[in-house]
Amino acid sequence: MSSTPFGDAILARSDELARHSDVPLADVPAGAARPLTVTYLTEAHRACAADLAAWMRDDGFDEVGIDAVGNVVGLLRGTDPAEPRLLTGSHYDTVRNAGRYDGRLGIFVAMACVRELARQGRRLPFDLEVVGFAEEEGQRFAATFIGSGALVGGFDPAWLALRDADGITLDEAMRAAGHDPAAVAALRRDPARYRGFIEVHIEQGPVLSRAGLPLGVVTAINGSVRFVGEMHGMACHAGTTPMGQRRDAATGVAELALYVERRASQVPLLVGTVGQMHVPDGSINVVPGRCRFSLDLRAPGDDLRDALVADVLAELAAIAGRRGLTYTLQETMRASAAPSDPVLQRRLERAVAATGTPVLRLPSGAGHDAMKLHEAMPQAMLFMRGDNDGISHNPLEAINAADTQLAVEAFLHFLTQLAEEPTP
Ligand code: HGY
Ligand code: MN
Ligand code: MN
């Protein structure tokens with residue numbers, strides 16, 4: 001008899017769900033691992049939604065459905081309809097060539113709690129609403145938090161005209177998946193009906209791993225701003241154009257990337273990343289006339305974040321001026337820093353302590369759906385250690401059954417605490 005039944009079941013479901021990927025099996029070289037990439041409303045994405053809904057039904061939820069943006073929503077009704085609901089969950093979409101626990105762990109932990117409550121024949125006084133958010137990573141369309149944003153009235157109708165790399169609009173993708181964009185506004189939750197949102201997530205960093213701790217409680221989520229842009233210079237002959245007469249778009253972006261690294265390194269907990277740098281239709285013997293790039297700038301507070309953004313944009317203009325380049329830049333995401341609700345945070349700390357685990361508080365460098373729900377209701381997050389020094393957004397992302405068992409036990413403690421001590 002396993003001592004980690006919750007953990008074992010979640011690892012198994014994570015492997016099951018990782019069967020679905022946008023990467024065609026035919027594209028995977030013999031003997032290589034199939035990259036896990038599940039972007040918004042692709043066939044693989046919709047297969048994930050179907051699996052999650054089926055598992056929710058099997059776990060004992062009273063109501064299960066897939067909403068107008070593709071969120072998978074499960075409801076376990078409470079005994080007292082007057083009690084405000086608890087909302088929990090995380091996202092099931094992934095970055096490209098992802099790990100299989102980012103987002104998904106938070107959905108599975110909540111589902112495991114419902115399964116255990118059903119097994120015990122227990123009902124909470126309040127409704128427990130578990131959401132598998134359909135889109136958080138912003139990979140297919142230049143829009144993030146489509147899933148959790150819909151619940152707080154944050155779905156921007158202008159997103160419907162956004163096109164993916166194949167020219168398909170978000171509107172077309174939604175309709176092809178059987179969703180009606182006109183039905184999205186109705187997904188907005190009334191904050192008065194909720195006591196708050198809790199998200200369980202892998203840390204995606206090394207802090208818990210180096211502290212030798214399985215769980216941590218988040219104090220705040222970093223604020224972030226993202227841009228996509230394109231630098232324009234002049235394509236010309238790589239052999240005949242003297243170095244002093246070039247307007248090289250790629251070296252302009254490279255100079256910007258080094259500035260971002262230098263500037264973000266100046267202040268603790270600031271991070272800045274140029275994650276994408278691409279010369280469209282580039283040739284080995286042509287000086288790049290165009291170079292696409294991205295910017296991801298984050299800080300523990302909005303003031304620090306905005307100062308970083310201002311300096312990077314000023315340097316971008318200076319580099320372009322020095323090098324005779326022009327550029328386009330589009331802001332694709334702006335999320336404020338989200339401090340955890342102190343009451344929910346303390347309850348999570350008590351729940352972690354109840355498992356016999358020392359309580360470690362830490363900020364989140366990664367963005368999460370909780371920062372979107374933060375716009376409408378109190379929120380807090382429970383982090384779980386990642387193996388491999390917490391690496392994430394990488395197939396090396398790993399967790400273990402023992403930590404996962406503790407995460408479920410902590411969440412069950414949290415639910416019991418909430419049931420026995422209604423919010424003051
Ligand atoms: O980028 C992030 O912080 C998150 O993984 N979406
Ligand atoms: Mn992620
Ligand atoms: Mn995530």
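Tutor: Before the metal sites, one term: a donor is an N, O or S atom within 2.8 Å of the metal (3.2 Å for Na, K and Ca), and water is not among the atoms, so sites may look incomplete. This is a predicted model, in which local features need pLDDT of at least 70 and side-chain atom pairs count only at pLDDT 80 or more, while totals for chains, interfaces and linings use all residues; side-chain values use heavy atoms, with hydrogens and water left out. Residues are numbered from 1 along each chain as its sequence is written, and chains are lettered from A and ligands numbered from 1 in the order in which they are written.

Student: Which residue coordinates both manganese ions, ligand 3 and ligand 2?

Tutor: The manganese ion (ligand 2) has Asp102 (OD), Glu137 (OE) and His393 (NE2) as its donors, at 2.0 to 2.2 Å. For the manganese ion (ligand 3), the protein donors are His91 (NE2), Asp102 (OD) and His201 (NE2), at 2.1 to 2.3 Å. The two ions lie 3.5 Å apart, and the residue that bridges them is aspartate 102.

Student: How many residues apart in sequence are the parts tied together by aspartate 102 and histidine 393?

Tutor: The donors of the manganese ion (ligand 2) follow the spacing D-x34-E-x255-H. Helices (H or I, at least four residues) and strands (E, at least two) are DSSP runs, numbered from the N terminus. Aspartate 102 is in the loop between β3 (85-91) and α3 (104-120), and histidine 393 is in the loop between β16 (379-384) and α11 (401-420), so the sequence separation of the parts they tie together is 291 residues.

Student: Is histidine 201 buried or exposed?

Tutor: Buried means under 20% relative accessible area, exposed over 50%, and partly exposed in between (1.4 Å probe, protein chains only). Histidine 393 is partly exposed at 42%, whereas aspartate 102 is buried at 5%. Histidine 201 has a relative accessibility of 1%, so it counts as buried.

Student: How much of the accessible area of ligand 1 does the protein cover?

Tutor: A polar contact is a pair of N or O atoms within 3.5 Å; within protein, one must be able to donate a hydrogen and the other to accept it, and residues adjacent in sequence count only if both atoms are side-chain atoms. A polar side-chain atom of glutamate 136 is 3.0 Å from a nitrogen atom of ligand 1, an N or O atom in the side chain of arginine 226 is 2.9 Å from an oxygen atom of the ligand, and a backbone N or O atom of glycine 367 is 2.7 Å from an oxygen atom of the ligand. Accessible areas come from the Shrake-Rupley method with a 1.4 Å probe; for residues, only the protein chains shown count as cover. Of the 210 Å² that ligand 1 has on its own, the protein covers 93%.

Student: What kind of aromatic pair do phenylalanine 411 and phenylalanine 414 form?

Tutor: Rings of Phe, Tyr and Trp (its six-membered ring) pair if their centres lie within 6.5 Å; planes under 30 degrees apart count as stacked, over 60 as edge-to-face and the rest as tilted. Phenylalanine 411 and phenylalanine 414 are both buried, and they sit 3 residues apart in helix α11, about one helical turn. Their ring centres are 5.9 Å apart and their planes are at 80 degrees, so the pair is edge-to-face.
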